[in-house]
Amino acid sequence: MQCKNRTLNPRLLLRLLAIGIVLCSGSAYGKPLLLNTFNTYPLSSPQGTGYLDLVIKEAFRRIGADVKIVRLSSERGLVNADRGIDDGDFVRIAGLDKTYPNLVRVPAALCDFEFTVFTKDPSIRIEGWQGLKPYNVGIITGWKILERKIVGTRSLTKVGNATALFELLAHGRADLVVFDKVEGDAIIKKLGLSGIIALRPYLARQDMYLYLNRRHAGLARRLAEALLEMKTDGSMRRIARSVAGLKE
Amino acid sequence: MADEQRQIQNRIGRRLLKKVLLFSFVVTIIFTVIQAWMDYSIRMSGINETIGQVKKVQVRGLITALWNYDMQELAAEVEGIHHFNYLNYAAVIDRGKLIAQAGQKKRKNVITREIALTRDYNGRQVMLGTLYLQADTALVVRDVLARIALIFLFQAATVAIVAFFLLWLFGRMVTRHLSIAASYFRSFNVAGMNAPLVLDKPAKDDELDTLAGAFNMMREHLAASYLQQLCAQQEIEESERRFRVLFEQAPDAITVYDQDENRFVDANENAERLFALSREELLKTGPRQIYPDAQPDGRLISESISENIKLTLAGESVALDRLIRCADGKERLCEVRLVRLPSGERRLIRASYIDVTERRQAEKALFYAEKKFRDLLETIQLIAVMLDCDGNVVFCNDYFLGLTGWSRDEALGNNWFDMFLPGENRETVKSVFKSILRDNAPLHYENPIVTREGAKRLVIWDNSVLRNFGGDVIGTASLGIDVTEHRRLEEQLRQAQKMEAIGQLAGGVAHDFNNILCAIVGYAHLALMKMPEGDPVRGNMEQILRASERATTLTRSLLSFSRKQIINPRPNNLTDIIRGLEKFLSRLIREDIEMKIKCGEGDMMIFADRGQIEQMLMNLVTNARDAMPGGGHIAIGTVKVRMDEEFIRMHGYGKPGAYAAIVVSDTGEGMDAKTKERIFEPFFTTREQGKGTGLGLSMVYGIVKQHEGFIDVDSEQGKGAEFRIYLPLVSAAVPDRQRDIRLPEAEGGVETLLVAEDDEAIRQLNTELLRNYGYRIIEAVDGEDAVAKFRQNMDDVQLIIMDGIMPKKNGKEAYEEIRAINPSVRVIYLSGYAEDIISREGLLEPGTNFILKPVTPANLLKKVREVLDGD
Ligand SMILES: Nc1ncnc2c1ncn2[C@@H]1O[C@H](COP(=O)(O)OP(=O)(O)OP(=O)(O)O)[C@@H](O)[C@H]1O
Ligand SMILES: [Mg+2]
């Protein structure tokens, strides 16, 4: 047997080689697609264990592609994806393809964001975007909806990442900061900050999507189908459950 | 005084101050400008440094902020950058979009830099944007100017302070002492020369002390030399007096002329005497007044005087002969010497005058006397040569140079014996020269000299020794006469005279001999006639007659040589004669001899006896043949030659005129000079006894002479011989050529002839011959018969042919009688006698027709026709 194994049939070898080539070409571009994100745990983590990391990887796996996820600041993520430096960016509100013409939205929401005001002052009550005006506000650079909606406040400080944002708040450099509820809670917990509260109700709630650079436009449909499939076959839910700290 | 001191101080000090200030100011400006330029370039490079710093320090933050899109950070960074030195504007641009900026952008006077902002991302360089920087150079300039202004201000102040301090110091250390020295010098005089100059300062051995020391030394020297000067002054005055005496007592007349005053300013007593003027009068005149205008040098004084003054003033001493005009109106010739007198600025000329009127006259007389002799020597047609004691040529005249062909330069200075004497005579003549020098003898001598061409000239000398004033012998003077030509002529004359004498002798002998021969022949004939046939003596008789015939020929040759031969010259073309003889001549020579005849162009008319010329040619050709026993060539040629003085001078014979030259040359054994000298002598022969008579060339010689021609021979032993005969050409009266050329040897006629001949045989021979040629003949046997027969046939007889010597009546007597009957009758005499013998006997008159016996038939026929046809 061993002998036989050693003298491998050349025809078989040829066949194996052909399959290999087919597989490689099937994996879209050979190289894993580079996606960036600004999300933090529990949505995304450097280890790739965040909810979105897992979902996206699964979806790409299903269409036979491989991905690599890097972390960038919000605005840089958009710009890189738009300029084709990266292959895609997540997660974003819908409609960014108007401002960044090279981005193509994968038309299946990955999750939703509740844009929530965090503050140390429990007395503050905010009703709608207009309610922010009398305050010194902090946001993260590149969050387009916030950049659009929050205008005319007393001051507006933009920082590059979530940690900086909550440090801002913790050190009193801003009266309030606007951020995603889920991630905000996770960061407060991670930094061990106390006295920071998330105000209810949230300012807005938005479905969040994955964007691809235009050159991958062909993938968008197939990805959306894969995601839908994941939703219906319960894979999404299973992943959500596996990620600690992510509530329903 | 104090005022003057201050002035000194002020003047030098102020000038010093001014110059120091000016200089410092200029230096300050230069340094400031250099500094400004350095500052500027440092700052400009500072800009680059700043930019480098921005790159090093700020760009990283900028990239981070840009990467994170931290616009506030970015703005802060850019703001920070813009605050760097000289940066007036900083901006970040990404894809043409201005992202952040700070400061004011300018268009002019800026340096711009762009720095690419990139970040390493995922293993590649991501272009994030460009940092655009502007540095304001105007700011640099402003800074530099501000800084420079300050520096300049400080430096100027420093300079001013230092300068004023210097001024003060200078005043204290220098000017003050100068003032003291000045006041000392001002009061310095001869009397106070012993008080030294002392300065108000401790001695430091500086320049001022040196100056004072030097001055004091000078003062002492001055004092010493002043003393010396005093002594010298006295000496000069004394010398002046001495020179005055010298001047006054000088043997020459002396004047001193001042060019600026244009008059004499001094004159001595001799000058007064010479010019016959008092000193006062003399000092009112100048050189322009003392000379008459015409001067011995041929130039007008008005022209030359300024030039001579100028020359003299230029330092040359001028000496010239001048006529001067004295006050008494006389003119004197003076030797004038001009020399500039050393006299500082004044332009003085000393003139000294020596009256040479008498001396010059004597010199002139001597000169002309000498010239007379020199001219004589130069023009004389004699050789004049002077040699020094070594025999070198010191003088020779033109005649000598013309004779020898050397130029005077070549001849003078050369040794006479080496240059002008043939080697073989050199030593003898040298010893003669020595004896002349020693004993003044021999005074006459004869020796050859050689010319430039190497020809020799024979000269007879008249020598005398030359002596100097002391009477010492210094050489020889010789007059020579070239006797070369003379000697040659003498030689020729001698030769001619010899030939003449021989000719006379031969002629004389021939006459007598001919007479004897006639008798012999006559009696031999008689004896023979009377002898019966078969007489045994008859053979002997015939031998006698044959020998006599030979003797007759010989006599005739001799007569030919002595020119006693009777010839019948008439115009003949030489070419025809030669052509006609050609065949005969060729029979004369042997087969191994080749003969060529080449006659010159055209007719060559000569007045000659054809037979004689033929005889001459035959003799020459025979000789040529005999000179070539082994065979060879004979050439006969003719050519026209013009003899002129040159020809005659060259050949030593001849007479001017045109000649036909006959040249007969051969390639035979030739002859030596000795033989050549004698060949024309009768009986001279080199042939063995009995072979030659030695009369051939004598005959030729006689014939040539009789034709008034010349003969010449060129020959050398073993080199053949060439005989040249010149016969005078006759130009006029070219006779009938036809007749000349084809002269019918036997032309007859129908005339009646009277033949008188006592010799039966001859008479019969002649009558038969003439009859054969058509003539009617009447015979006469003697003189009487001739007269009788003429009388009978007086009207018919047109010509009488008569033997000159006949019984009963001789030719002449018969002729006289016939002439008495008819004076116009023509006669031809036949005779064995030469013409003069006959004429001596009174037989003939000049112009008589005459044939010499023995008569050849052709000759007779020819002669008969000639006489009948002649008028
Ligand atoms: N062409 C010549 N070459 C050399 N020698 C000559 C020539 N012609 C004449 N001579 C010399 O001159 C001499 C005299 O000559 P000339 O004709 O008078 O007498 P000859 O020839 O000796 O005797 P002849 O003529 O009576 O036979 C000769 O003996 C000969 O020595
Ligand atoms: Mg001869």
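**Chain B: a sheet, its helices and a nonpolar patch**

Okay, let's start with the sheet: in chain B there's an open sheet of 5 strands, ordered 6-5-9-8-7, and the pairing is antiparallel. Just so everyone has it in mind, this is a predicted model.

Which strands sit at the edges? Those are strand 6 (263-267) and strand 7 (318-325) of chain B, and each of them pairs on one side only. As for the twist, neighbouring strands of this sheet are turned by 35° against each other on average, if you ignore direction.

Let's look at one pair. Strand 5, residues 253-258, runs antiparallel to strand 9, residues 348-355, both in chain B, and the two are joined over 6 bridges. If you want a spot to click on, take A253(B): across from it, in strand 9 of chain B, is Y353(B).

Now, what packs on the sheet? Helix 4 of chain B, residues 207-249, does, touching strand 5 and strand 6, and its direction makes about 105° with that of strand 6 of chain B. Then there's helix 8 of chain B, residues 301-313, which also packs on the sheet; it touches strand 5, strand 7, strand 8 (331-341) and strand 9, with an angle of about 140° to the direction of strand 7 of chain B.

Last stop, helix 1. That's residues 2-67 of chain B, and W37(B) is in it. Buried or exposed, this W37(B)? Its relative accessibility is 59%, and the cut-off for exposed is over 50%, so W37(B) counts as exposed. W37(B) also belongs to a nonpolar surface patch of about 1,100 Å², along with residues including F25(B), F31(B), M38(B) and I42(B).

Conventions
Residues are numbered from 1 along each chain as its sequence is written. Chains are lettered from A and ligands numbered from 1 in the order in which they are written. This is a predicted model: local features need pLDDT of at least 70, side-chain atom pairs count only at pLDDT 80 or more; totals for chains, interfaces and linings use all residues. Side-chain values use heavy atoms; hydrogens and water are left out. Patches are made of residues with over 30% relative accessible area and no salt bridge: like charges are joined within 9 Å, nonpolar side chains (Val, Leu, Ile, Met, Phe, Trp, Tyr) within 5 Å. Accessible areas come from the Shrake-Rupley method with a 1.4 Å probe; for residues, only the protein chains shown count as cover. A salt bridge is a side-chain nitrogen of Lys or Arg within 4 Å of a carboxyl oxygen of Asp or Glu. Helices (H or I, at least four residues) and strands (E, at least two) are DSSP runs, numbered from the N terminus. Buried means under 20% relative accessible area, exposed over 50%, partly exposed in between (1.4 Å probe, protein chains only). Two strands pair if DSSP finds at least two bridges between them. Axes are lines fitted to C-alpha atoms, for helices over the stretch in contact, and angles run from 0 to 180 degrees between N-to-C directions. Contact means heavy atoms within 4.5 Å.
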